[in-house]
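Reader: I have a new model open and would enjoy walking through it with you. Shall we take a look together?

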Amino acid sequence: MAMLEVQDLHVAFPRGKRDEVEALRGVNLHLEKGERLGVVGESGAGKSMLAFAILNLIADPGRVSGGRVMFHGENLLDLSERGIRGIRGNRISMIFQDPMVTLNPVLTIGTQMIETLKAHRKISDAEARKLCIERLKQVAIPSAESRMDAYPHELSGGLRQRVVIAIALLTDPELIIADEPTTALDVTIQAEIMALILKLCRENDVALILITHDLGVVAEVTERIMIMYAGLCVEEGRTQDIINAPRHPYTAGLLKALPQKAGRGQRLYQIPGSMPPITALPPGCAYNPRCEFAADRCRATIPPLAGGVACFHPLQEEEAAS
Amino acid sequence: MTQPIVETRGLEMRFALPTHFLSREKPVLHALNGVDVSIQPGESFCVVGESGCGKTTLGRAIMGLLAPSAGEILFRDQRIDTMDERMRKPIRAEMQMVFQNPYASLNPRRNVFDTLAEPIRHLLPDTPAAEVREQVESVLAATGCDPSWQRRLPHEFSGGQRQRIAIARALVTNPAFIVADEPISALDVSIQAQILNLLTDLQADRGLTYLFITHDLSVVEHFGSRVAVMYLGQVMELAETQAIFAQPKHPYTRLLLEAIPKLEGGSFDKPRTPGELPDPVNLPVGCPFAPRCPLADARCRAERPKLRTLANGTQAACHHTE
Amino acid sequence: MISFSAFLKRFLSDPVAIGAGIVLLVLVLMAVLAPLIAPQNPYDPLQLDIMDSEMPPAWKPGGDERFLLGTDAQGRGVLSTIMYGTGISLLIGVGAVIVQAVLGITLGLIAGYKGGWIDSFLMRLADIQLSLSTLMMAIIALALFSAAFDANTYADYAIIMLILVIGIAEWPKFARTVRSSVLGEKKKEYVDAARVIGLPARRIMWGHILPNTLTPVLVISTIQVAEAIMIEASLSFLGLGMPTDRPSLGSLIRSGFEFIFSGSWWITLFPALVLIALVLSLNLLGDWLRDVLNPKLRRGED
């Protein structure tokens, strides 16, 4: 049994009085212990929605309209608020793009860390403090003892994100869900933070769901990738396989459009148009208006995810390379 | 060397920070510390660096949005930073700017035609109405915008379409020089290639000169002819694009290059030590990069290195490059 | 941003907004069409008969069907005086808000866009003005004015004086609202884009920034009309507003108040009900507008 198994997950938002639109249209996902999965997509593809839905955190007026989230065989969507709190922030931790979502600006780092720990563990203050300092050292925060008494605003963006990672690790989670954890940070700091997450996941055998738009980051950190487009997974597989030989035309287009792939001054490959909003999806495959291989069948039926790709005309290896 | 189109000499920018009115200290933020760049006609001059390095400040100073604290800004050998508005008007038509956020750079209450006609009406007031219309339509066509967009408001368009409109506005007075401040970083991955291609095509058609500000070195590698790497208000390295990627001379440039996530993966495997920017209010006496630099010695901490030309033509500000 | 059709749809789906809108529309029509539809012109001494004074409403014993809501001490029909009085109250309310808006928007724009000492100066001025009650300032100004001129001159210029006094006393509300919107807008890149082409500050302020700050201005305008009508009514009730021969709703309530203990309750009750209906409908509409135009409260639609 997989550690996490998401089955046919749907998330819907109301449109008007009676109607609903779906932001997630049936997503499947499985994750083994210690496995690192990248969820890649453009804004509006539903990748953050997936993270929130897994933790049953979809805010009003949206709702999970179907599917199951099985964590060790238990459906998280059926748990009581009390039950989910024993898992969220404890066995599954989250890291957000903005560290200030996690950090309370009026409390010191130490107070927040000790509080988090005591919410999930029976532990004395002194022990908790010792453990927190240890975690801060683990995320390479210089002079960890004195940082315990610092307020979040006294730290730089990179250090704050390190503190958030330290908090995420406090309860020895089995899974960390990181939603664009480095998008707001500078390139050099991004490299540091991603290297740190990678190292900690490996050392502690923690599974990771990394949500990002950056194929490069995914290639560096994860073992498997899921490519999302308009609320569906369009391609899934081992990271290096997909990077080297993408099979969905969208994945192939994204990779070919990267500037590092083209020579200087040459035109880049470009995917025409833009992703349709979930309120105005075309019939059939959502990618068909932008796809050079689209046929009548693509405009009529949504291709199912089969053999790792949701496409009626998946690319062969030599096509993808060209 | 031909006559540069835009040149800065010893450009300095200091901002007084807000303080309590009784406070004795008057903290000053050094955003630019003696920047000399000269941009040749027809090139794509890139400025890279992390947040707080002064790259945006440089672009805004050249465009006259900020008044320099010291130094000179020249356009075709005429000094423009001290020029009065009447004299400067014809030069403004020659220099335009594209901004980072297409959701904020278009006035939400103005339709596309009014947005595009305004620069002509103000800068070239003798243009007859028919010609204004003609010019707007031709520039819309050149940037891949549909002529039917003219009567519509910005909120009806996607991010990529808005950025095309913003580029059209920058081109409508037929400028020779364009400052593009992170023009693709707010866009989705599949749209970035479209906009980069558009900028490349426009340069070829109109002989434009770009000052391209970005944090993304992979874009620079594809797009730039020369690059200035900035750190804390100073140029650390200035070289031809090929040279900087083949033989980075400054340790900071090397750090930046290493931080780019690679599609092959593997470069995030070793942990990195946290590096933080020094406080730009109390700059170190010596090299601003010294606190993060693996090569730093006593001399680096005491004496600020000057930008000097090396054997291969690269200019670098480091005591330790040959 | 919200399109007109979406705006209309929101309006038609909200019973409170429809109710307030209908009440306001009826009152405004009643006031504007008063010379045509009022049973009597209460300002025309020839149409008044002292024999008709203090008649109860028509459905009461002793009532007269010529005067549906009864008559006051001078024999004027209460319904007619209310129709004309509502017009005067609305005129003063709207006029005062125009004065407030012109002053407040101009000073708020300048303060927000220029910043620095101009901003500090104008905002401290606004603070001082807000710390003095509007009613108190109006009482002082109008008392001086009525003492300085004879009764006839006062009666002629009372409307203009009320508009000016209430308008000047309340400008800081507009100025603060506009200034805070300007501070948000001027950081946006479209303002930089306008500066790049060298537009003068005046044209950037009025042509680019102002149209983007009008949403909150519209909301407070509605509520300020209600506020101005109330201030005017209070002043008139204190005898410092409209003279009794050109009565606003406030002066009608005041003139009827003297007779309330002699049993002629209708002279004061009906104008008071109309005043409440007018102010309430304006406030409800203002609240509704704020909810609709505030994007933070609007989800999932655009």
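**Touring the model**

Author: Happily! This is a predicted model, and a good place to start is where chain B meets chain A: 37 residues of chain B are in contact with 40 residues of chain A.

Reader: Which element gives the most to the side of chain B that touches chain A?

Author: The elements giving two or more residues to that side are α6 (189–206), α7 (217–223) and α9 (251–259) of chain B. By class, the side has 14 nonpolar, 15 polar and eight charged residues. With eight residues, the element that gives the most is α6(B).

Reader: Nice. On to the open sheet of chain A: which strands stand at the edges?

Author: The sheet has four strands with antiparallel pairing, in the order β2-β1-β4-β5 (chain A). A strand at the edge has a single partner, so one of its sides is left without a neighbour in the sheet. In chain A, that description fits β2 (19–31) and β5 (74–75).

Reader: Over how many bridges do β1 and β2 of chain A pair?

Author: Strand β1 of chain A covers residues 4–15 and pairs with β2(A) in the antiparallel sense. Within this part of the sheet, A12(A) stands opposite E22(A) in β2(A). The number of bridges between β1(A) and β2(A) is ten.

Reader: And what angle does helix α1 of chain A make with β2(A)?

Author: Helix α1 (residues 47–54) of chain A packs on the sheet, where it touches β1, β2 and β4 (63–71) of chain A. Its direction and that of β2(A) make an angle of about 75 degrees.

Reader: Now the helix pair α5 and α7 of chain A. How is α5(A) placed relative to α7(A), oblique or roughly parallel?

Author: The axes of α5 (residues 125–138) and α7 (residues 157–170) of chain A come within 9 Å and cross at roughly 130 degrees. Angles over 145 degrees would count as roughly antiparallel. The crossing angle therefore makes α5(A), relative to α7(A), oblique.

Reader: Which residues make that contact?

Author: α5(A) passes α7(A) in a right-handed crossing. By class, the contact has four nonpolar, one polar and one charged residues. They are R135(A), L136(A) and Q138(A) of α5(A), with A166(A), L169(A) and L170(A) of α7(A).

Reader: Last stop, chain C: how far apart are the end C-alpha atoms of residues 12–38?

Author: The unreviewed UniProt entry annotates several spans of chain C as "transmembrane region", including 12–38 and 125–148. Residues 125–148 of chain C are 92% helix, with end C-alpha atoms 28 Å apart. Residues 12–38 of chain C are 85% helix and 0% strand, and their end C-alpha atoms lie apart by 31 Å.

How values were computed
Residues are numbered from 1 along each chain as its sequence is written. Chains are lettered from A and ligands numbered from 1 in the order in which they are written. This is a predicted model: local features need pLDDT of at least 70, side-chain atom pairs count only at pLDDT 80 or more; totals for chains, interfaces and linings use all residues. Two strands pair if DSSP finds at least two bridges between them. Two residues are in contact if their C-beta atoms, placed from the backbone, lie within 7 Å. Axes are lines fitted to C-alpha atoms, for helices over the stretch in contact, and angles run from 0 to 180 degrees between N-to-C directions. Ala, Val, Leu, Ile, Met, Phe, Trp, Tyr, Cys and Pro count as nonpolar, Asp, Glu, Lys and Arg as charged, and the others, Gly among them, as polar. UniProt positions are given in the numbering used here, feature names are shortened, and annotations may be inferred rather than shown by experiment. Angles under 35 degrees count as roughly parallel, over 145 as roughly antiparallel, 65 to 115 as roughly perpendicular and the rest as oblique. A crossing is left-handed if the near helix is turned anticlockwise from the far one by less than a right angle, and right-handed if clockwise.
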